[in-house]
Every structure is written in structure tokens, then in C-alpha cells.
Amino acid sequence: MSLGAPKDGPVTFRKGPTPTTFLPWLIMGVGAISNTLNGKAGNPWLAGAGLLAFNSLYVGVVRTAFDPRARATWVPYGLLAALAVVTYALGIGYGGAWMLFFPLMTLAAGTLLRGRPLFVALFIASASAGTLAGHGSGDPWDASTIGYGTFISGMVTSAVLGLFETNRRLRATEGRLARTAVEKERLRFSRDLHDLLGHTLSVVVVKAEAVRRLAPRDVDAALEQAADIEAVGRQALTEIREAVTGYRQGSLATELDRARSALEAGGIEPVVRQSGPPLSPQAGALLGWVVREGVTNAVRHSGATRCEIEVRVDSDRARLTITDDGRGPVSSQAPAEGGGTGLTGLAERLAAAGGTLDAGPDGRRGFRLVAELPEDTGVLPEAEEMSR
């Protein structure tokens with residue numbers, strides 16, 4: 001286990017165990033090897049074959065336990081079962097120093113098994129190892145030592161590896177959350193820029209057309225529209241700077257004033273009605289975005305002569321309705337593809353704050369946009385985000 005402790009940070013896990021980490025533990029079998037070489041074990045050729053089989057199976061279990069592709073198959077579990085058979089055969093056949101293969105077997109099991117299967121396997125292995133050791137030596141201390149060592153080696157191995165696995169999953173989750181946060185902020189920023197520039201540029205285009213129409217016959221009116229273009233441009237620059245820094249504050253009253261100006265410049269009669277108590281800042285900011293998008297669409301696409309904007313607030317909900325008498329919905333008024341801008345983006349924002357957005361034809365002619373929102377959106381993070 002390799003741990004690193006930065007001077008000014010928490011302890012972090014730098015590198016987890018590898019299969020090689022568990023190979024030196026095979027030195028516990030040196031007593032059995034010595035007995036075989038010295039001829040103290042009965043039938044040394046059979047004992048040597050048992051040693052070779054045990055070491056090979058142990059290495060196989062450990063290596064496949066660290067291989068995600070192999071671990072997803074039956075191979076490591078089959079090797080572990082074979083290792084258990086060899087361990088019991090050697091323990092029953094030779095006893096003494098050969099009983100140390102039981103802790104090695106459970107150590108290999110700890111690299112592969114977790115949870116309840118591991119606990120059951122350790123209980124059976126430690127009980128049987130203690131029983132065999134006590135029966136062979138007649139010493140209760142040997143029985144308890146082998147039984148305890150068999151249980152604790154597998155449990156500690158599994159606990160340590162489980163800790164590293166958990167740490168790796170947490171780091172992977174942390175990376176995914178960071179990427180999600182970045183993607184969410186990019187989406188928020190793209191929505192803000194779309195709503196800011198789409199509305200502002202529409203107003204500039206409409207007022208520029210008004211200047212062109214008025215200049216030949218009414219210079220003063222044309223100059224007034226040109227001054228409005230300058231004011232809208234300066235305001236747009238300010239809003240973009242504030243959007244970049246993340247501190248832009250929206251206001252429903254401000255958006256309604258801008259909507260009147262944009263509609264009038266586009267030759268559309270604005271009708272604005274408000275009723276009920278004042279909205280909370282968060283709800284007002286969200287509905288302000290709806291006004292901005294709805295009026296922009298009306299000016300750009302509807303060909304309407306009249307646009308009504310109604311804001312009605314009761315004790316727990318706010319309802320905003322924008323209705324025009326134009327050509328009705330067209331493709332450019334439909335929700336934008338990709339879900340990041342236009343009506344689709346507004347629907348996502350309102351849904352995150354517990355609200356709804358409905359858009360569609362208003363009877364035989366015209367287009368209607370209806371947004372409903374809980375008045376108290378102070379506890380909703382998306383509403384808080386949108387007021388920035």
C-alpha cells in the first residue's frame with residue numbers, strides 16, 4: 001500500500017496494490033518446501049506436485065482477480081475452487097507446516113470475493129483449518145492460531161482492496177461530476193448568449209428598418225429610433241459583460257419595458273396587463289426570459305399587428321401569457337433543435353423550477369405562449385442560476 005500525504009492537503013491514495021504485491025506471501029510455504037526437499041513429507045513426488053499446483057493456482061487467482069475482463073467470467077472463481085481443493089488435500093494429507101496454505105488460500109480469496117460470499121468462505125475455511133490443525137497437533141493454541149490467521153488474512157486483504165476500489169470509484173465519480181458541471185455551465189452560458197443577442201439584435205434590426213422608413217419623411221423620428229439603437233447596443237454590451245462574469249440580474253419589469261419598445265418599433269401594438277402581488281426576484285427573472293424570447297419570436301416571425309402580454313399572480317403561482325394575431329407558429333418559432341436555445345431551452349429552465357411552458361396556435365390565427373411557475377422559487381437552484 002502506498003500512501004502520500006501532501007503538506008497542505010488530505011491523505012490521498014497514490015497507487016493501489018497489484019498482483020505482484022501478493023506474490024511474496026508465497027514465502028509462507030517455505031516450511032512445506034523444506035519438508036519436501038528433505039524427504040520428511042511422505043511421497044515427496046506427490047508433495048512436490050501439490051506444491052506446484054498450489055503455487056500455480058494461487059498466482060492464477062491473484063492475476064485474474066485484478067483483470068476486469070477475466071473477473072467478469074468464471075475463470076478466477078474456478079481457479080479459486082481448485083485452489084481450495086488442493087489446499088484441503090495438502091492440509092489433510094500432511095498437516096504441520098502445510099496448514100499455512102490455508103491463510104494463503106483465503107488471502108487469494110480476499111483479492112476476488114467481497115461481502116457475504118467472502119464472509120461465508122472465510123468462516124468455513126477458518127473453522128475447518130482450525131479443526132484440522134487442532135486434530136493433527138493436539139494443541140488448542142495451534143488450532144486457534146491457524147483458524148484466526150486463515151480468517152484475518154482474507155478479511156484484511158478484501159478490506160484493503162475494497163478501500164482502494166472505493167477510492168477509485170470516488171475519483172471517477174468526481175471527474176464525471178466535474179465534467180457535468182462544466183457542460184452545464186456551457187449550456188447555461190449558451191442559453192444566456194442566445195437570449196441576450198437574439199433579442200437585442202432583433203430590436204436593432206427592427207429599429208434600423210424603422211430609421212430607413214422614417215428618414216425620408218420624418219428626420220426627428222428617425223433620429224429618435226437611431227438613439228434607441230445606440231441605447232440598446234450599449235445595454236447589450238453591459239449585459240454581455242455581466243453575463244460573462246456570471247452576475248447579470250434580470251427583472252420582469254425591465255423586460256416588459258423592452259418588449260413594449262421592441263413591439264412598437266416593429267409596428268406591433270403592445271398590450272401589457274399585470275395583476276396580483278409582486279413576484280419574487282427568482283420568479284420574475286425566469287418570466288423575464290419568457291417575455292424576451294416570446295416577444296423576439298413575435299417581432300421576427302409572426303407578422304402580427306397586436307401582441308398581448310398578461311402577467312397574473314395569485315397566492316402560489318404566476319402565469320404569463322403572450323398572444324399575437326399573426327400567422328401562427330412557423331418553423332422558426334418551434335423549439336430549437338439541441339435543447340439549448342429558444343423555446344426548448346425555456347421549457348427546460350421552467351421545468352427545473354417546477355413550472356411549465358406551453359406554446360401553440362391560438363385558435364384559427366395567431367400564436368400563444370403560456371408559462372406557469374410557482375411564485376416561491378427561492379429554494380430552486382435553477383431559478384437561482386437564471387437570476388445571475
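This report covers the helix packing and the sheet of one predicted model.

Residues are numbered from 1 along each chain as its sequence is written. Local features need pLDDT of at least 70, side-chain atom pairs count only at pLDDT 80 or more, totals for chains, interfaces and linings use all residues, and side-chain values use heavy atoms, with hydrogens and water left out.

**Helices α2, α4 and α5**

Helices (H or I, at least four residues) and strands (E, at least two) are DSSP runs, numbered from the N terminus. Axes are lines fitted to C-alpha atoms, for helices over the stretch in contact, and angles run from 0 to 180 degrees between N-to-C directions. Contact means heavy atoms within 4.5 Å.

Helix α2 spans residues 44-65. Its two crossings are set out below.

| Helix pair | Axes come within | Crossing angle |
|---|---|---|
| α2 and α5 (residues 101-112) | 8 Å | roughly 20 degrees |
| α2 and α4 (residues 75-94) | 9 Å | roughly 150 degrees |

Angles under 35 degrees count as roughly parallel, over 145 as roughly antiparallel, 65 to 115 as roughly perpendicular and the rest as oblique. α2 is therefore roughly parallel to α5. By its own angle, α2 is roughly antiparallel to α4. α2 passes α5 in a left-handed crossing, and α2 passes α4 in a left-handed crossing too. A crossing is left-handed if the near helix is turned anticlockwise from the far one by less than a right angle, and right-handed if clockwise.

On the α5 side, the α2 residues include Leu51, Phe54, Tyr58 and Val62. They meet a set in α5 that includes Phe101, Leu104, Met105 and Leu112. On the α4 side, α2 offers Gly50, Ala53, Leu57 and Gly60, among others. Their counterparts in α4 include Pro76, Leu79, Leu83 and Tyr94. Phe54, Tyr58 and Val61 of α2 are among the residues in the α5 contact, and they are also among those in the α4 contact.

**Phe123**

Phe123 lies in helix α6 (residues 115-137). Buried means under 20% relative accessible area, exposed over 50%, partly exposed in between (1.4 Å probe, protein chains only). Phe123 counts as exposed because its relative accessibility is 54%. Its C-alpha is 9.1 Å from that of Gly147, 24 residues apart along the chain.

**The sheet**

Five strands form an open, mixed sheet in the order β3-β4-β5-β7-β6. At the edges are β3 (269-275) and β6 (356-361), each paired on one side only. The average twist is 10 degrees from one strand to the next. Two strands pair if DSSP finds at least two bridges between them.

A hairpin of three residues joins β4 to β5. These two strands run antiparallel over seven bridges, with Glu308 opposite Thr323 in β5. β5 and β7 are antiparallel as well, joined by eight bridges. β6 and β7 (residues 367-374) pair antiparallel over six. Val370 in β7 is the bridge partner of Thr321, and Val370 also stands opposite Asp358. β5 is mostly covered, with six of its eight residues buried.

**Helices on the sheet**

Helix α9 (residues 252-265) packs on the sheet and touches β3 and β4 (306-313). Its direction makes about 160 degrees with that of β3. Buried residues in α9 include Leu252, Leu256, Ala259 and Leu263. Gly267 follows α9 and has a positive phi, near 75 degrees. Helix α10 (residues 281-302) lies across β4, β5 (317-324), β6 and β7. α10 runs at about 10 degrees to β5.
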